[in-house]
Amino acid sequence: MFVASWCAPCHGELARLDAIGRGAHPYRVLVVPFDDSRATRTMLERVPPPQRWQPDRATQRRLAAEVARRSAGLPFSLALDRDAQICAAHAEALDAASAAAMVAACRR
């Protein structure tokens, strides 16, 4: 899940992070900062460290370009396979049901 402090639905997603994680099982839900602002870093303090993901620069650039290509903005979530290849995308606020649908799409 890409998040930023200025994204109101992103705050709601973080409040539902446990439920989203259950819906995404067996996938792990990782929270990725969309920007590097102080407010977004503060927002991420609510996320357990094992659920935060700061990808390497090349991967981050590739994923940010994909967000820009597929969506007008946040909220936005991607599902990645073991090789960090995109297998599903969701351009609305994520919940348990939409997380489960992303996992199902990746299993096809």
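Helices and strands are named here from DSSP runs: a helix needs at least four residues of type H or I, a strand at least two of type E, and both are numbered from the N terminus. Counted this way, the protein has five helices and four strands. Please keep in mind that you are looking at a predicted model.

## The overall picture

If you walk along the sequence, you meet the elements in the order β-α-α-β-α-α-β-β-α. How compact is the protein? Its radius of gyration is 13 Å, close to the 13 Å that the globule rule gives for 108 residues, so the protein is as compact as a globular protein of that length. The C-alpha trace spans about 40 × 30 × 25 Å along its principal axes.

Of the 108 residues, 39% count as buried. The accessible surface comes to about 6,300 Å², and 52% of that area belongs to carbon and sulfur atoms. Contacts also reach across the sequence: among those between residues at least 6 apart, 51% join residues at least 24 apart.

## The core and helix α1

In soluble globular proteins, nonpolar side chains tend to be buried together. Here, the largest nonpolar core has 28 residues, and those with the most contacts inside it are Met 1, Phe 2, Val 3, Leu 14, Val 31 and Leu 74. The elements giving two or more residues to this core are β1, α1, α2, α3, α4, β3 and α5. Helix α5 supplies the largest share, four residues.

Helix α1 is a good place to look more closely. Which residues of α1 (residues 8-15) are buried? They are Cys 10, Glu 13 and Leu 14. These residues cover an arc of only 100 degrees around the axis, which puts them on the same side of α1. On the face turned away from that buried side you will find the exposed residues Ala 8 and Ala 15. The buried residues of α1 pack against β1 (2-3), α2 (17-24), α3 (38-44) and β3 (77-80).

Leu 14 shows what this packing looks like for a single residue. Leaving aside neighbours within four places in sequence, Leu 14 is in contact with Met 1, Val 3, Val 31, Met 43, Arg 46 and Val 47.

## Two disulfides

The model contains two disulfides. With the bonded cysteines numbered in sequence order, the pairing is 1-2, 3-4. Here are the two links side by side.

| Disulfide | S to S distance | Torsion about the S-S bond | Handedness |
|---|---|---|---|
| Cys 7 and Cys 10 | 2.2 Å | 80 degrees | right-handed |
| Cys 87 and Cys 106 | 2.0 Å | about 85 degrees | right-handed |

Is Cys 7 buried or exposed? Cys 7 has 3% relative accessibility and buried means under 20%, so Cys 7 counts as buried. Its partner Cys 10 is buried too, with a relative accessible area of 0%.

The other link begins in strand β4 (residues 86-90), where Cys 87 lies, and ends at Cys 106 in helix α5 (residues 96-107), so the pair ties together parts that are 19 residues apart in sequence. Cys 87 is partly exposed, with a relative accessible area of 25%, whereas Cys 106 is buried at 15%.

## A residue in strand β4

Ala 89 also has its place in strand β4. At 34% relative accessibility, Ala 89 counts as partly exposed. Not counting residues up to four places away in sequence, Ala 89 touches Arg 70, Phe 76, Ser 77, Leu 78 and Met 102. Ala 89 and Met 1 are 88 residues apart in sequence, and their C-alpha atoms are 9.9 Å apart in space.

## Backbone details in the loops

Most residues other than glycine have a negative phi, and most peptide bonds are trans. With that in mind, which residues are joined by a cis peptide bond with omega of about 15 degrees? They are His 25 and Pro 26, and Pro 26 sits in the loop between α2 and β2 (32-33). Another cis peptide bond joins Leu 74 and Pro 75, with omega of about 5 degrees. Pro 75 is found in the loop between α4 and β3.

Finally, look at Ala 84 in the loop between β3 and β4. Ala 84 has a positive phi of about 65 degrees although it is not a glycine. With 23% relative accessibility, Ala 84 counts as partly exposed.

Methods: Residues numbered from 1 in each chain as written. Predicted model: local features only at pLDDT ≥ 70, side-chain atom pairs only at ≥ 80, totals over all residues. Heavy atoms only, no water. Disulfide = S-S within 2.5 Å. Buried < 20%, exposed > 50% of the residue type's maximum accessible area, 1.4 Å probe, protein only. Arc of directions from axis to C-beta. Contact = heavy atoms within 4.5 Å. Core = buried A, V, L, I, M, F, W, Y, C linked by side-chain atoms within 4.5 Å. Rg over C-alpha atoms; globule rule 2.2 N^0.38 Å. Areas by Shrake-Rupley, 256 points an atom, 1.4 Å probe, with all protein chains shown as cover.
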